[in-house]
Structure formats: structure tokens, C-alpha cells
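Got the viewer open and a selection box ready? Let's walk through this one stop at a time.

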Amino acid sequence: MTLHEQAAPIPAGTSELVATGDLQARAAALLGAGFRLALVAGHDDGHDDGHDDGHGLRVVYVFCAGPPDRRVELQVRLDPDRPAVPSLAAWSFPASRFERELADLFGIEPVGHPFLRPLVRHQHWPRDWHPMRRDAGPAPPMRSDAEPFPFVAVEGPGVYEIPVGPVHAGLIEPGHFRFSVVGETILKMKARLWFVHRGIEQLFEGRPAADGVVLAERISGDTAAAHTLAYCLAVEDALRVEVPHDAQLLRALVVELERITNHVADLGALCNDVGFGVAHARALTLRERLLRLAGEITGHRLLRGTMRPGATTLRRLPTEAELADVAALVEDLVGLATSNTVVMDRFKGTAVLSRDDAEAIGALGVVARASGLVVDARVAHPFADVGTDLVPVVEESGDVLARFSVRAREVAASLRLVAELAGQVRSLDAGASDLPRRGGAGLGIVEAWRGTIVDRVEVEADGRLARCKVVDPSFLTWPALSVALADTIVPDFPLANKSFNLSYAGNDL
Amino acid sequence: MTATFADVATLSAASPGLWARAGASVLQVAAVAAGGPLLLGLMGKVRARAEGRIGPPITQGLWDLRKLLRKEAIRAEHTSAVAALAPLVLVASAALAAAVTPLVTTGPVVAGGADVFVVVYLLLMGSVALALGGLDAGTAFGGMGSSRAMTIGAISEPALLVGILALAVQAHTSNLPGIVAASLAHPGWLASPQRLLALAALVVVVIAETGRIPVDNPSTHLELTMIHEAMILEYAGSDLALVTVGEAMRLGLLLGLVANLFFPWGVEGSGGGLAILIGLVVLGAKTATLAALIALVEVSTAKLRLFRVPELLAGGFVLAVVAVTTGLVAR
């Protein structure tokens, strides 16, 4: 048995320890070969004697490409006296974000980073307190006299600044946006997020692998299913757990249901932001209907409590009549919006994200596909053979209309997919919850409704989590919003922001 | 225009005494002050029903006012007397305009002074006061709202003036009660081309001046898209109540004006308590119908991109100019 396991290839791909000096060359070669930097995780392996002064720091870089599904891990151990990594920012924009996160949370210096400003760390965090270090201790008192965030001031005749948030008039998540504006035209927008830091990654540490589900479900409330799935896949990968085909089909079904519900809400919200209340009211009714359906199928309106490492359980499957009803209503809703010339005028040409920019930033999900990039983890990194051809929905124009259309078409495609999956399922309670007692590292990749989620877990030999690193698509896609806003007018910002609809909580962990 | 003054003289002679006319004016102000919020409530209700929602009760606006009036008016730091006076000027100008405009009766107090220019500029005074109030706190949103409101006002106010002038040309008087009385005397005018053109222009103006879709979205909570709401963002408590009442009065006044200029039936002309009562009921019915129609149009359309709004208003202005030209040619 052990021999067989050792002979089997590691499903996640390869993991390799490289010297710090070789990192840039190896990363550049992978990026040049079409891989993307999907995840960078800092690790503080600590010392047995509990004494820790920067020893035992390790950084894991995960590169992905697909189809076909390819995953490559590079690991570097850091110099104990000076925890630093050579910056990959010159080759990859996402790397520059990950490195700023490393600098804030682990105190690892990215050498050669062109723009090393705080990312997660707000001004009132003490500068030298790195919460993910083993020796960080409890949170120190927050400083109120700290230096403010170094916003880049745009100067010139008639330029003025509009600061918005982090507390907004509506019920939305907190984010501070600073606009530099001439007249009504946006010259520059800087989003300052990270107001919802909960320390979730650290909360995972030390929990039994099976108990991580509760946290994964709460990373971003509207993406409970996809985050849980990514976590389960990572744990199963780490512990080499075989999951029955039926369980994977049920998981795919639940994630598609989450996609449909959220996309429908977004379609309505986009109409609401241009003052087209009828479509919004209809979308809300439809969303409520989908939530109730989700409640009947899974026992939870937000699809919690269905998946756990190794197994998946549903109460019942959606019927064909229910899905056909929803499909007809969605078609009505989309028709109502697209047949209104004022709505179309507002959507068309607003907040254009060019294909080149989307690619350079490393945007994911709906936003990337609306700018012509064919990125869909369901095709690139399928976790199960769903027995049907999935074609990513792609639009070329990169404006609000493109993002609206991608969502509308994906809802229709997902409804068909759910019907097909429901037809294939043989058992509603598939898999076993008992996890093997062994350690390992694993990766989980899921196409959530916003985009690709990548989770990487390391499990100790006693079955407890040593580390769980979560990358929500919002973390990589937020910078694209600022780029798309250049030359957009201020009153169109809420519409542009809604068309991206990125998560604040998923971005900040 | 000598005929004009003769007309007015006749009108005044036929009207009841000064006290009765003053009473009618007070009634008009009260009707507009109470009716404005109710009209807003009605529009909200029509929208809600059309969207398949229940919506708040029509009287919600009045309850909100009661709530706001009980609250302290907290003013932003560094504000001057301008911010404090702006709501008062808004309400006072709207009340004065309501007192002299022929809404319930063609014979309110100082009927001779109820000129087109007087009423339009009273309304303008309110808009400017509010815009100054928005600027006073020195916040980005107030400035943004005021700037947008003035951009729109700069085109909609002339369109309002020119639109009514088209009727004045036809009636040979710029006196509003005179126009209403003349319209009553010549029902055939109502289908004339300049009237229809002017009606179209004034509908656009009313929508713009009262901040309805497609010009502004009164129900939005997105700070960056707001026009009117951004301008009054710094107002709270009883100040906000005054602003709300002033805005509702402007809505009631504009709808009443349009209703009476184009559909003058039911406006009391010769005095008498019962006639005034009938005038009040008819005014309510006419404005409610107009408000409901505007709400229905709102449901079926979306808010225009900000830079498209001046195009819509310029269209309204052109219609008004064409209406005046048509009127002059028709003479």
C-alpha cells in the first residue's frame, strides 16, 4: 500500500526547493512558458525550542497553466539573518502584490521591489509587528498618530481630490477610494482596502483538517461554496484522499448554483446603478427564489454545510422544471435590460479594461473574460470530469456591457450545466468523512463566480493544519478597476465598480 | 401690450376682495406644502407598484418630515450663515411663488404681479440658494452636487421661461393668471402647435428641476452619481426637513403650473368658497395624474449618463424656442 502510494505521481504537480539566487531565473522561465503566478505563501516553520528570530522562514510560489492542467511549486528557504527574497515584480504584476503582502504579514523583504508600500498593514499597525510570524504574540495596541498612507497626489490646473469611504451610504463593504478628478473626468483612482482583516489564515493553523471547512465557508460570504470546495480539494490533495465521482459532481453542481445566484444579483444591481429599478426588482425576486431553492437543496440558503474533505451531501437535486423556470426568468430579465436604449448607452464603452491591461495585471474571472482573456479554471484545472464540454464565455469589448453580457451568458450556460450534472448524479450522499492520519501539502483550484480561487494547505503528520493560504480572485483583480477607470467620469464609478463586483472580505483575509 | 393690463384690470375687478384673495393665497401655499410631499409619495407608490413592490405609504413623506423636524439641525464644521439661510430661502421663495401662481384660483393676492418672470426667478432663487448651501461646507460631495445642479439649472431655467413665454405670446400677456384666464376663454388654443411644443418642453424642465429619472435618481444611495442628494448631504434634522419641504413644494408648484397652464379647467375665477374648494380638488386630481404619469415614465427608463443630460435639456430648450417662434408666426 505504501509502495503504491509512493509510486503514484503527486497530483498537484511538482514541488521543488530552489536556491534563493535561482528563483528569478526559474520563475521567469515558467512565466515565459505561459504559467501564471497563482499563489505565494509565506511559512514560518519556527524552531523546536520555540525560539524564533526569523529562522525557519520559507516562501512557496505556485505557478499554474492550463489546459492541460499544469502546476509547479517552487520553494525557497530564507537566510535566517536577513529574511529576504529576490523580487519577481519585474516579471509578474501579481508577484508585486504577493510580495507586499509578505512584507506586511511576515516581514520578508522583497529585494528590488519597485514600489514597496504597505498593502495589508494599515497606518495604525505598528510597523515592525508581523502577525503571521510565530513570535508575533498578541496584537499590540494600535497607534493613532501613525503616518497616513502615501497617496500619490496628482497635480495640475483644476485637479481636485474626492475621498470616498470607507463608510458608504449604502450597505456595502468598507473601502476607501481616492479620486483625482478634473471636472467630472477621473485621472487616477486609488483604492485603499484591507479594512476587514480578520486573520483567517492564522485561524486555520492548528485546527484539524476537517474543521477548516467552517472557516472556509466564511472567507467571503457570497462565495461560501467555492471557497469551501477549494479548501476541500487542497486538503484532499494534501492527504491523497480519493473522492467518489458522485461527490465531485454534487460539488460542481453547488458551485454552479452559487454562480447563477450571484450573477443574477449582479445583473439586477448593474441595472439599479443606472436607475433602472424594474430590472433590479425582478432580479431581487429571482435571487430570493434561487436562495430558497438553495435552501431546499442544501439546507442552507448560502450553500454552507454541504462539502467537507472527502465527501459531499445534498438533500435533493434541482428539478428540470425549476431550472427551466429560472432560465426563462433570466432571459426575460436580460431582455428587459438590453432592450432599453438608455441602459445600453450607459453600459457601452464605460470603464473599458483592455485585453493587454487585463493580462498584464493578471485579472481573473468575469473581468478577464469580458476583456477577451480565455481564463476559466473549470477548463484549465478541472477537479472532476463533468462529462460535458465547457466553453469559457468570452467577450471582447472590456466595458461594463461586456461584463454584463459575460454574466448573462454564464448564467444560461450554468443552468444547462446544472441540469446535466443533476442527470448524472447517482447518490446524494457520496464519500467518507474519515481522513487518513498523515501529513502533506496540497493545492485546490476552483473557478468561483468571481474567478479562480487557489488554496494551498500544509497538514502536519497529526492531521492538524500547519498553514492554509487562500487566494481569492479579488486579490489579483482589484488593481484592474483603477486601470479601467482612467477617463471614466465620476458619476459612472459606482456602475464600473459594480460591474467588477470584487470582494472586500475575500481580498483581505 | 396695453390689452394685457386691461385684461388684468378686468380680472381684478371681477375678483373678490383683498382679504378673500389673501385667503386664497394662503390656501395655495398650504396646498403646495402639504401636497408636494404627498405627490412625491404617490410617485414612489406608483413606481413601487409598477416594479412589483408594495412600497411605502403615500403619506410617508409627511411622517419623515415630522421625524426630521423633531431632530436637531447639526451643521458641518466651518459652515457660515449661507448654509443656515439656504433652506429658509428655498422654502420662502417656493412659498411666495406658490402664493402668487394661479393654482386654485386665478385671483390670488397681487395677481397683477404674478408675472412669468417673477415666478421663474423665484424658483431660480431657491435653486441658487441651495447650490450655495451645498458649497458652504466645503466638502467634495457638496461641491460636486452644486456644480452638477447648476450645470443642469443653467439650461433648464431658460427652457422653463421660454416655454411659458410661448403661452404668453399666444395670450398677449406675461401675467400668469391672465394666461390661465385667456386659455379658459379660448379652449381651441390648447391644441395649437405652440402649446403642444411648449408642453413637451415644460415636461422635460419639470423632470430636470425636480431631479427625477432620467436626469437624477432620487432614490440612489451612491454618493458619486447623485446630483440633488449630493448637494444636500451635509444637511440634517430640521434643516433637512426644510430642504425636503422646499423641494417638494417646487415639485407641487411646477406640476400645478403646468397642469393649469395647459389644462386650465377647474381653476376658480370668480370667487366663492365652494368654487375654491372645487379648484383645490381639481388641482389635486390634475397634479396627481401628472405625477403618476411621470412616475410611470421613470419606471420604463434609466438614468442618463451625466454628460447626456444637457443634450436632453437642450432639446427641451429648442422645443420651447420653436414654440415661441411658432406663436409669433401664428400671430
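Start by selecting A:Val425, which sits in the loop between H14 and strand S12 (429–431) of chain A. (Helices, H or I of at least four residues, and strands, E of at least two, are DSSP runs numbered from the N terminus.) Before going on: this is a predicted model, where local features need pLDDT of at least 70, side-chain atom pairs count only at pLDDT 80 or more, and totals for chains, interfaces and linings use all residues. Residues are numbered from 1 along each chain as its sequence is written, while chains are lettered from A and ligands numbered from 1 in the order in which they are written.

Is A:Val425 buried or exposed? Neither quite: A:Val425 has 17 C-beta neighbours inside 10 Å, so it counts as partly exposed. (Buried takes 20 or more other C-beta atoms within 10 Å of a residue's own, exposed 12 or fewer, and partly exposed is in between; C-beta atoms are placed from the backbone.) Show what A:Val425 touches, leaving out residues up to four places away in sequence, and you get A:Asp246, A:Leu249, A:Leu250 and A:Leu317. (Contact means that the C-beta atoms of two residues, placed from the backbone, lie within 7 Å.) Now draw a C-alpha to C-alpha distance to A:Ile445: that residue is 20 places from A:Val425 in sequence and 22 Å away in space.

**Back along H14**

Select helix H14 (residues 400–424) together with helix H9 (residues 320–338), both in chain A; their axes come within 10 Å and cross at roughly 170 degrees. (Axes are lines fitted to C-alpha atoms, for helices over the stretch in contact, and angles run from 0 to 180 degrees between N-to-C directions.) That makes H9(A) roughly antiparallel to H14(A), a label for angles over 145 degrees; under 35 is roughly parallel, 65 to 115 roughly perpendicular and the rest oblique. Sticks to turn on for the contact include A:Leu323, A:Val326 and A:Val330 from H9(A), and A:Val411, A:Leu415 and A:Val418 from H14(A). By class, this contact has 11 nonpolar residues, no polar ones and 1 charged. (Ala, Val, Leu, Ile, Met, Phe, Trp, Tyr, Cys and Pro count as nonpolar, Asp, Glu, Lys and Arg as charged, and the others, Gly among them, as polar.)

**The sheet in chain A**

Next, colour the 4 strands of the open sheet, which come in the order S1-S4-S3-S2 with mixed pairing. (Strands pair if DSSP finds at least two bridges between them.) Strand S1 (14–17) and strand S2 (36–44) of chain A are the edges, each pairing on one side only. On average, neighbouring strands here are turned by 20 degrees against each other, direction ignored. Two helices pack on the sheet. Helix H2 (residues 23–32) of chain A touches S2, S3 and strand S4 (70–77), and its direction makes about 170 degrees with that of S4(A). Helix H3 (residues 93–106) of chain A touches S2 and S3, at about 10 degrees to the direction of S2(A).

Zoom in on S2(A). It is an edge strand, yet 8 of its 9 residues are buried, so S2(A) is largely enclosed by the rest of the structure. S2(A) runs antiparallel to strand S3 (residues 57–65) of chain A, with 8 bridges joining them. Click A:Asp44 to find A:Leu57 opposite, then A:Gly42, whose bridge partner in S3(A) is A:Val59.

**A hairpin**

Jump to strands S8 (residues 176–182) and S9 (residues 185–192) of chain A, which are antiparallel and joined by 7 bridges. Which residue in the turn has a positive phi? A:Gly183, at about 65 degrees; the hairpin has 2 residues between its strands. Further along, A:Arg178 has A:Lys190 as its bridge partner.

**Over to chain B**

Select the border between the chains: 23 residues of chain B are in contact with 24 of chain A. On the chain B side, H2 and helix H6 (140–171) are the elements giving two or more residues. That side has 12 nonpolar, 5 polar and 6 charged residues.

Keep H6(B) and add helix H5 (residues 116–136) of chain B: the two pack at about 175 degrees, axes 9 Å apart. H5(B) and H6(B) are therefore roughly antiparallel. Their contact divides into 12 nonpolar, 7 polar and 1 charged.

Last stop: helix H11 (residues 273–299) of chain B. Among its buried residues are B:Leu280, B:Leu283 and B:Leu290. What covers the buried residues of H11(B)? The cover includes helix H2 (18–50), helix H8 (193–209) and helix H10 (237–262) of chain B.
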